[in-house]
Amino acid sequence: MEIKVIKNILGENDRFAAENMALFKDKNVFVVNFMGSPGAGKTSVLERTMEKLGSTLRMAVIEGDLFTSKDADRIDKYGVPVIQINTAGGCHLDANMVQKTAKDIDLDALDLLVIENVGNLVCPAEFALGEDARAVVLSVTEGDDKPMKYPLMFKESEIALINKIDLAPYCNFDRKSAKEDIEMLHPGIVVQEVSCTTGEGIDAWCDWLKAGVAKKKGQ
Amino acid sequence: MCKECGCGETNGNTRLQFTVEGYTEELAKDVEKALFGLPGVLFVHIHAHDGETTVDYAPKKTKLMDILGVFQKRGLEAQL
């Protein structure tokens, strides 16, 4: 009789994630797994972040995308080291991909590494990459019902950015309801409204990142 | 969840249905909030009028006793 051996994909991923975490700890680099739907504004938030923190923090970005390097091209314009991972249709980054990529980054020269995951509100939440924290970007154009529809993403994230908040009045987006749902799913999560157009909330988000970097460095 | 990467097949969540006695509308909302706040709880649905309470959760992250504790703490009796 043939006995099937089923490989635990997540178990394998967790092993790589643990190795990544040890590496990032050794290098004192604060690592953020940056997640959200396609079009939520993840890259736009990173652009505003680089404008604010580019001169105070040494930062690099790993860009996850299915096929193109469009997001990496945008990051590159800010002079921040960026490496593109194309998943060739894969719906999330995994820890092995990050491990291979991290070898090409000078971690000794970094304070902060942001890993922008593939645009997807489902799968990335299930795959640890070895990060210190997870951040999810939800935009008001997606609707205030998304936290309850995609609960794992919000349960697994330390901070939720509600982006495009300047458009809230035009999108029938109930800010109170969305915030309450997120906080119900994950008591203690930081919820921050932001707008890449007006700049609202970007300072608070950057302060959160700076606090993470300081904590990682034991300051 | 996603069939493309198979993550929905391996996330190990399980769904339980309880019958709970003693709900008021307020208590039901309170229980819903408390259950959602537990690690790994992804779905809660409560019919306050007949006590039917459905919970989707990850046993690796939250023990059944923790879920039962939510009911007990509020003086509610829950049966599977």
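In the hairpin formed by β2(B) and β3(B), 4 residues lie between the strands, and B:G51 adopts a positive phi near 85 degrees. This hairpin belongs to a predicted model, as does everything described below. The two strands that it joins, β2 (residues 43-47) of chain B and β3(B), pair in the antiparallel sense over 5 bridges. Two partnerships fix the register of this pairing for the reader: B:I46 has B:T53 as its bridge partner in β3(B), and B:F43 has B:D56.

Strand β3(B) also pairs with a second strand. Strand β1 (residues 14-21) of chain B runs antiparallel to β3(B), and 6 bridges join the two. Within this pairing, B:T19 is matched with B:E52 of β3(B). The faces of β3 (residues 52-57) of chain B may be considered next. In a regular strand, side chains alternate between the two faces of the sheet. In β3(B), the covered face carries B:T53, B:V55 and B:Y57, whereas B:E52, B:T54 and B:D56 are on the uncovered face. The bridge partner of B:I46, B:T53, is thus on the covered face, and the bridge partner of B:T19, B:E52, is on the uncovered one.

These pairings form part of an open sheet of 4 strands in chain B, with the order β2-β3-β1-β4 and antiparallel pairing. Because β2 and β4 (77-79) of chain B stand at the edges with a single partner strand each, one side of each is left without a neighbour in the sheet. On average, neighbouring strands of this sheet are turned by 25 degrees against each other, direction ignored. Helix α2 (residues 25-36) of chain B packs on the sheet, where it touches β2 and β3 of chain B, and its direction makes about 165 degrees with that of β2(B).

Viewed as a whole, chain B contains 3 helices and 4 strands, arranged along the sequence in the pattern α-β-α-β-β-α-β. Of its 80 residues, 24% count as buried. Among the contacts in chain B with a separation of 6 or more, 58% come from residues 24 or more positions apart.

Chain A holds an open sheet as well. Its 7 strands follow the order β3-β2-β4-β1-β5-β6-β7 (chain A), and the pairing is parallel. The edge positions are taken by β3 (82-86) and β7 (190-193) of chain A; each has a single partner strand, so one side of each is without a neighbour in the sheet. Neighbouring strands of this sheet are turned by 20 degrees against each other on average, direction ignored. One pairing in the sheet is that of strand β2 (residues 59-65) of chain A with strand β4 (residues 112-116) of chain A, which pair in the parallel sense over 5 bridges. Within it, A:V61 stands opposite A:V114 in β4(A). Helix α2(A) packs on the sheet and touches β1, β2, β4, β5 (133-139) and β6 (159-163) of chain A; its direction makes about 165 degrees with that of β4(A).

Helix α2 (residues 42-53) of chain A also meets helix α8 (residues 202-216) of chain A, their axes coming within 10 Å and crossing at roughly 70 degrees. The angle therefore makes α2(A) roughly perpendicular to α8(A). From α2(A), the contact involves A:R48, A:T49, A:K52 and A:L53, which meet A:I202, A:D203, A:W205, A:C206 and A:L209 in α8(A). The residues of this contact divide into 5 nonpolar, 1 polar and 3 charged.

The loop between β1 and α2 of chain A contains A:G41. This glycine, A:G41, counts as buried because it has 23 C-beta neighbours inside 10 Å, the threshold being 20 or more. Beyond its neighbours within four places in sequence, A:G41 is in contact with A:V137, A:S139, A:N163, A:K164 and A:C196. A further relation across the sequence links A:G41 and A:G119, which are 78 residues apart in sequence and 9.7 Å apart in space, C-alpha to C-alpha.

The account closes with the nonpolar interior. In soluble globular proteins, nonpolar side chains tend to be buried together. Here the largest nonpolar core has 81 residues, and those with the most contacts inside it are A:L112, A:L113, A:V114, A:I115, A:L161 and B:L35. Strand β1 (residues 30-36) of chain A gives the most to this core, with 5 residues. Apart from residues up to four places away in sequence, A:L113 touches A:V29, A:V31, A:A60 and A:I62.

Technical notes
Residues are numbered from 1 along each chain as its sequence is written. Chains are lettered from A and ligands numbered from 1 in the order in which they are written. A residue is buried if 20 or more other C-beta atoms lie within 10 Å of its own, exposed if 12 or fewer, and partly exposed in between; C-beta atoms are placed from the backbone. Two strands pair if DSSP finds at least two bridges between them. Axes are lines fitted to C-alpha atoms, for helices over the stretch in contact, and angles run from 0 to 180 degrees between N-to-C directions. Two residues are in contact if their C-beta atoms, placed from the backbone, lie within 7 Å. Angles under 35 degrees count as roughly parallel, over 145 as roughly antiparallel, 65 to 115 as roughly perpendicular and the rest as oblique. Ala, Val, Leu, Ile, Met, Phe, Trp, Tyr, Cys and Pro count as nonpolar, Asp, Glu, Lys and Arg as charged, and the others, Gly among them, as polar. A nonpolar core is a set of buried Ala, Val, Leu, Ile, Met, Phe, Trp, Tyr and Cys residues joined through C-beta atoms within 7 Å.
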